Amino acid sequence: MTVMIDIANAEKTFTMHLQGGIMLPVVRGVSFQVRAGECVVLSGPSGAGKSSILKMIFGNYRCDAGRIDVRHQGEMTDLARAEPRLVLNARRQTIGYVSQFLRAVPRVPALDVVAEPLVAAGLSRDQSRVRAGALLRRLNIPERLWSLPPSTFSGGEQQRVNIARGFISEVPILLLDEPTASLDAANRAVVVDLIAAKKQAGVAMIAIVHDDEIRADIADRTVDVTSFAAAA
Ligand SMILES: Nc1ncnc2c1ncn2[C@@H]1O[C@H](COP(=O)(O)OP(=O)(O)OP(=O)(O)O)[C@@H](O)[C@H]1O
């Protein structure tokens, strides 16, 4: 299968400017590939650098060395060296990021929060809302909540709105940062099914999950982040 992500010798050191410029090396020599239709789970203890690696790929954290090649519009593109405009473009068309926290715009109803990526991709508002509703229903968000802004929803409800928003778009790469963290068993099973469907559709995924059962359900391969530990 086609390689969608090819990370080679990526490195991250945080510089704590407010603490006299202390250097905090986190990962070094990060190298692995992800193919279309594959879900790679990052493992390793708390603080090993799993989230930092996802944020480097998404461009939230600058990569200090190495390459982060991502198949964007048919070509491998090094996002570690890309201009911000290209990174933003890749986020719109190629890479989705699903964290456990919803960053919703105030006053926007849940249905529109979920439909928005499809509208942005050019689908009509009506069609986007129909698909958003189907996904919210599948994730057990009661219809009476769809017209309300999710800011007052429970933690688990907000997380499910976030999952719906992340999974509705048709990007070929998804980064999943503990997407099932505060969900009950029934909703965790829905997320496992959604991930399986993305695999079928050829989406390449990198996931962080702490639950061993879910890891076993979704992982095609595990990459142990401790092998990339950067000694201080
Ligand atoms: N923005 C930041 N500034 C400074 N240090 C950071 C920053 N982000 C992460 N770190 C540090 O990098 C190290 C790795 O953090 P990271 O969140 O990537 O670990 P993790 O493996 O995802 O942990 P967990 O499983 O607990 O979420 C930690 O020591 C953390 O304090």
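Ligand shell, core and helices of a predicted model

The ligand is surrounded by Phe 14, Leu 24, Val 26, Gly 44, Ser 46, Gly 47, Ala 48, Gly 49, Lys 50, Ser 51 and Ser 52. Two elements give two or more residues to this shell, strand 2 (22–35) and helix 1 (50–58). Helix 1 provides the largest share, three residues. By character, the shell divides into four nonpolar residues, six polar and one charged. The model is a predicted one, and what follows describes that prediction.

Helix 1 can be followed beyond the ligand. This helix is mostly covered, with eight of its nine residues buried. Those buried residues are Lys 50, Ser 51, Ser 52, Ile 53, Leu 54, Met 56, Ile 57 and Phe 58. Lys 50, Ser 51 and Ser 52 are also among the residues that surround the ligand. After helix 1 comes Gly 59, which has a positive phi near 90 degrees.

Strand 2, the other contributor to the shell, also holds Val 34. Val 34 has 24 other C-beta atoms within 10 Å and is therefore buried, the threshold being 20 or more. Apart from neighbours within four places in sequence, Val 34 is in contact with Met 4, Ile 5, Val 40, Ala 204 and Ile 206. Of these, Val 40 falls in strand 3 (39–43), while Ala 204 and Ile 206 fall in strand 8 (204–208). Val 108 stands elsewhere: 74 residues separate it from Val 34 in sequence, and their C-alpha atoms are 35 Å apart in space.

The next topic is the nonpolar core. The largest such core has 62 residues, and Val 114, Leu 136 and Ala 164 have the most contacts inside it. Helix 3 (residues 110–120) gives the most to this core, contributing six residues. Within helix 3, the buried residues are Ala 110, Leu 111, Val 113, Val 114, Ala 115, Pro 117 and Leu 118. Helix 4 and helix 5 are included in what covers them. The contacts of Leu 136 show part of this arrangement: leaving out residues up to four places away in sequence, Leu 136 touches Ala 110, Leu 111, Val 114, Ile 141, Trp 146 and Ala 164. Val 114 and Ala 164, the other two residues named for the most contacts in the core, are thus both on the contact list of Leu 136. Helix 3 is followed by Gly 122, with a positive phi near 110 degrees.

Helix 6 (residues 185–200) offers a check on its geometry. At 1.5 Å a residue, its 16 residues should span 22 Å, and the end C-alpha atoms are 23 Å apart, which agrees. Which residues of helix 6 are buried? They are Asn 187, Val 191, Ile 195 and Lys 198. These four cover an arc of only 90 degrees around the axis, so they lie on the same side of helix 6. The face turned away from that buried side carries the exposed residues Ala 185, Ala 186, Asp 193, Ala 197 and Gln 200. On the buried side, helix 6 packs against strand 3, helix 5 (155–168), strand 7 (173–177), strand 8 and helix 7 (212–218). Gly 202 follows helix 6, and its phi is positive, near 85 degrees.

The loop between strand 7 and helix 6 contains Ser 182. Ser 182 counts as partly exposed because it has 14 C-beta neighbours inside 10 Å. Setting aside neighbours within four places in sequence, its contacts are Gln 100, Gly 155, Gly 156 and Gln 159. Ser 182 and Gln 159 are 23 residues apart along the chain, yet their C-alpha atoms are separated by 7.6 Å.

Glu 178 lies in that loop between strand 7 and helix 6 as well. Its phi is positive, about 50 degrees, although Glu 178 is not a glycine. With 19 other C-beta atoms within 10 Å, Glu 178 is partly exposed. Asn 140 is another non-glycine residue with a positive phi, in this case about 60 degrees. Asn 140 belongs to the loop between helix 4 (125–138) and helix 5. Asn 140 has 14 C-beta neighbours inside 10 Å and so counts as partly exposed.

Definitions and conventions: Residues numbered from 1 in each chain as written. Predicted model: local features only at pLDDT ≥ 70, side-chain atom pairs only at ≥ 80, totals over all residues. Expected span 1.5 Å × (residues − 1). Buried ≥ 20, exposed ≤ 12 C-beta atoms within 10 Å, placed from the backbone. Arc of directions from axis to C-beta. Contact = placed C-beta atoms within 7 Å. Core = buried A, V, L, I, M, F, W, Y, C linked by C-beta atoms within 7 Å. Near = placed C-beta within 6 Å. Nonpolar A, V, L, I, M, F, W, Y, C, P; charged D, E, K, R; others polar.
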